[in-house]
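User: I am in my first year and would like a close look at a single part of this protein, the sheet. Could you take me through how its strands are arranged and what lies against them?

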Amino acid sequence: MVDRANVSVNQLSTTNHQLFSDYHTHPQGHRVRRYTPELLEPWADSARKFGLTDIAFTDHDRYHAGIDFDEIDRLRERNSELRIRAGIELDNDPIHSAAGRKWIEKHWDKLDFVLGSVHFLDRTDQMFDSVPDGATQFEGREVDAIYADYFHRVREMAATGLVDCLAHLDLIKIHGHRPVAEIGAIVNETLDFIRARNLAIELSTAGWRKPVNELYPGDRIIELAIAKGIPFTTASDAHSHAQLSENFPRLAQKLAAFGIHQVCIFEKHQRIMRPLGIEPLL
Ligand SMILES: [Zn+2]
Ligand SMILES: [Zn+2]
């Protein structure tokens, strides 16, 4: 039987942020697929279903041939209650990213949002974050050295001048490798660099479905980012519309626990801070 007195006490004492934006999504998934109504409409439907009002499409730059800005415009017309942002995820792919950077420069004015990512270390033929195979890149190497190398590449990405926000900032932990040195000491320089460049970082629930089973980035990095005044987006890195806003209730609790009461959204690369609505936790 439900204890009504307790329910009302819980409702008063526990609140949960209402998250409304997902700024890391892959309509094309893992190959080039031209944007069509059939491909995009399910994402708008999912956004409505999950209570989102602001989403950004951020397909990988190696699939830029599939992106069609006119198709995004038509999707916007059919779904006028949603804010739908044209974006892309630029990474450090040694083979494809040069073309990706050129494409971004060419279409900069049509893009609302560019994510910057590091998916490659020394190997040119395999992303280190492929699960489980990417873990072999860590074999026989010092974890601290790999972390240092990774964050150096993150700073290089931040320095391109082509990104608005860094994705999954501590992706290097994906397979569960932990450095000996304190993570704060490792990332401090990178966070200062991100702040100096006036960039955002994302809070990505994708880490919760990977071997490391932890939010990107981890708590210590979030703490430091808050102290330095770095703003956050909320993100799922969905590769299917069913994954949109995955684990957002759990992320909402995390934001509330950290006292984060606003997140940022982007329109034509312009960053806008939006307060999070508060709803009672039932
Ligand atoms: Zn990524
Ligand atoms: Zn992604």
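Analyst: In this predicted model, strand β3, which covers residues 54-60, and strand β4, which covers residues 83-90, run parallel and are joined by seven bridges. One residue of this pairing can be followed by eye, since F57 has A86 as its bridge partner in β4. Helix α3, made of residues 69-78, packs on the sheet and touches both β3 and β4, while its direction makes about 150 degrees with that of β4.

In general, the strands of a sheet pair through backbone hydrogen bonds, and the pairing is either parallel or antiparallel. Here β3 and β4 belong to an open sheet of seven strands, which has the order β2-β3-β4-β5-β6-β7-β8 and parallel pairing. At its edges stand β2 (21-22) and β8 (232-235), and because each has a single partner strand, one side of each is left without a neighbour in the sheet.

To place this sheet in its surroundings, it helps to look at the whole protein, which contains eight helices and eleven strands. Of its 282 residues, 38% count as buried. Among contacts between residues at least 6 apart in sequence, 81% join residues at least 24 apart, and the pairing of F57 with A86 is one example of a link between two separate strands. The radius of gyration is 19 Å, which agrees with the value near 19 Å that a compact globule of 282 residues would have, and the C-alpha atoms fill a box of roughly 60 × 50 × 35 Å, taken along the principal axes.

Key. Residues numbered from 1 in each chain as written. Chains lettered and ligands numbered in written order. Predicted model: local features only at pLDDT ≥ 70, side-chain atom pairs only at ≥ 80, totals over all residues. Helix = DSSP H or I, 4+ residues; strand = E, 2+ residues; numbered from the N terminus. Rg over C-alpha atoms; globule rule 2.2 N^0.38 Å. Buried ≥ 20, exposed ≤ 12 C-beta atoms within 10 Å, placed from the backbone. Contact = placed C-beta atoms within 7 Å. Pairing = 2+ DSSP bridges. Axes fitted to C-alpha atoms, helices over the stretch in contact; angles between N-to-C directions.
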